[in-house]
Amino acid sequence: MRVLAVEDDPRIAGDVASALTDAGFRVELSKDGEEAWFRGETEDFDLIVLDLGLPKLDGLTVLRRWRSEGRDVPVLILTARGSWIERVEGIDSGADDYLAKPFQMEELIARARALVRRAAGRSHSVQDIGKLTIDLNRMQVRVSGRSVDATALEFRLLAYLAVHHERVVPPGELLEHLYGDDDAREINALEAVVARLRKKLGAGIIGTRRGFGYYLSDSGP
Ligand code: CA
């Protein structure tokens with residue numbers, strides 16, 4: 001899952017980035033509203049964590065612009081403590097959830113996961129797809145009940161395919177969500193990760209549709 005964290009306070013930004021990274025998200029940071037608006041407009045994220053007090057362009061304006069341009073990415077806003085006006089304005093402007101500062105990182109993670117799941121139209125953190133069981137909260141993978149040791153990168157790939165399992169995911173989209181834009185990798189790198197995962201999971205879990213992309217196979221055990 002790819003997250004854009006928009007926060008100008010370097011200490012909070014660092015804490016948010018490391019907490020989300022530990023929870024299995026791929027995190028990218030943005031320090032001002034103008035850059036954040038542009039990235040949210042031109043790139044695909046699974047979630048945006050948005051501070052409201054930002055240099056260059058304030059968070060509410062950024063959020064309103066995204067929504068008026070039809071960008072429907074889930075947005076979690078970070079508001080000043082005790083400012084109910086900010087919360088109300090944020091939700092009116094299209095925020096999906098909010099956290100008042102200071103907040104516990106555990107709460108941020110729980111809300112982030114819930115938003116990503118909700119956006120994908122699923123309410124449960126554990127998903128069964130054919131023989132595969134993936135627990136998005138505990139970051140665990142099982143095949144026919146057997147536990148599989150996946151690296152963070154492999155888990156991110158599987159989690160992304162699981163959340164989007166009703167469709168075939170193009171390689172470019174997977175690459176963007178695994179590595180982000182700024183260090184775009186070659187398609188070979190993706191094929192190597194898929195090949196390693198197929199060895200660990202066994203045949204018939206990750207399917208390829210030639211020329212289109214990857215998907216998780218639904219066909220039962
Ligand atoms: Ca701020």
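This tour moves through the structure one selection at a time. The model is a predicted one.

**The parallel sheet**

Select first the five strands that form an open sheet in the order E2-E1-E3-E4-E5, with parallel pairing. At its edges lie E2 and strand E5 (97-100), each of which pairs on one side only. From one strand to the next, the twist averages 20°. Strands of a sheet pair through backbone hydrogen bonds, either parallel or antiparallel.

Next, display E1 and E2, which pair in the parallel sense over five bridges. Within this pair, Val3 stands opposite Val27 in E2. Although E2 is an edge strand, four of its five residues are buried, so E2 is largely enclosed by the rest of the structure.

Move then to E3 and strand E4 (residues 75-79), which run parallel and are joined by four bridges. Here Leu50 has Ile77 of E4 as its bridge partner.

**Helices packed on the sheet**

Select helix H1 (residues 10-22), which lies across E1, E2 and E3. The helix runs at about 165° to E2.

Continue with helix H2 (residues 33-42), whose buried residues are Gly33, Ala36, Arg39 and Gly40. Why do they lie on the same side of H2? They cover an arc of only 130° around the axis, and this places them on the same side of the helix. Their packing partners are strand E1 (2-6), strand E2 (26-30), strand E3 (47-51) and helix H3 (59-68). At the start of H2, zoom in on Asp32: one of its side-chain oxygens comes to within 3.0 Å of the backbone nitrogen of Glu34.

**Asp51**

Now centre the view on Asp51, which is found in strand E3. UniProt lists this residue, in an unreviewed entry, for "modified residue: 4-aspartylphosphate". Is Asp51 buried or exposed? With a relative accessibility of 5%, Asp51 counts as buried, because the cut-off for that class is under 20%. To display its surroundings, select Val6, Glu7, Asp8, Gly59, Leu78 and Lys101; Asp51 touches these residues when those up to four places away in sequence are not counted.

**Val88 and Tyr98**

Select Val88 in helix H4 (residues 84-92). Its relative accessibility is 42%, so Val88 counts as partly exposed. Add Tyr98 and draw a C-alpha to C-alpha distance: Val88 and Tyr98 are 9.7 Å apart in space and 10 residues apart in sequence.

**The antiparallel strands**

Proceed to strand E6 (residues 126-129) and strand E7 (residues 132-135), which run antiparallel and are joined by four bridges. Gln127 stands opposite Ile134 in E7. The hairpin of E6 and E7 has two residues between the strands, and Gly130 there takes a positive phi near 60°.

Follow E7 to strand E8 (residues 140-143); these strands also run antiparallel, with four bridges between them. In this pair, Ile134 stands opposite Val141 in E8. Ile134 therefore offers a convenient point of reference, with Gln127 opposite in E6 and Val141 opposite in E8. The hairpin of E7 and E8 has four residues between the strands, and Met139 takes a positive phi near 55°.

**Glu173**

Finish at Glu173 in helix H7 (residues 171-179). Its side chain is joined to that of Arg167 by a polar contact of 2.7 Å. Not counting residues up to four places away in sequence, Glu173 touches Tyr160 as well as Arg167.

Terms used
Residues numbered from 1 in each chain as written. Predicted model: local features only at pLDDT ≥ 70, side-chain atom pairs only at ≥ 80, totals over all residues. Heavy atoms only, no water. Buried < 20%, exposed > 50% of the residue type's maximum accessible area, 1.4 Å probe, protein only. Arc of directions from axis to C-beta. Contact = heavy atoms within 4.5 Å. Polar contact = N/O pair within 3.5 Å; in protein donor to acceptor, adjacent residues only side chain to side chain. UniProt positions renumbered as here; feature names shortened; annotations may be inferred. Pairing = 2+ DSSP bridges. Axes fitted to C-alpha atoms, helices over the stretch in contact; angles between N-to-C directions.
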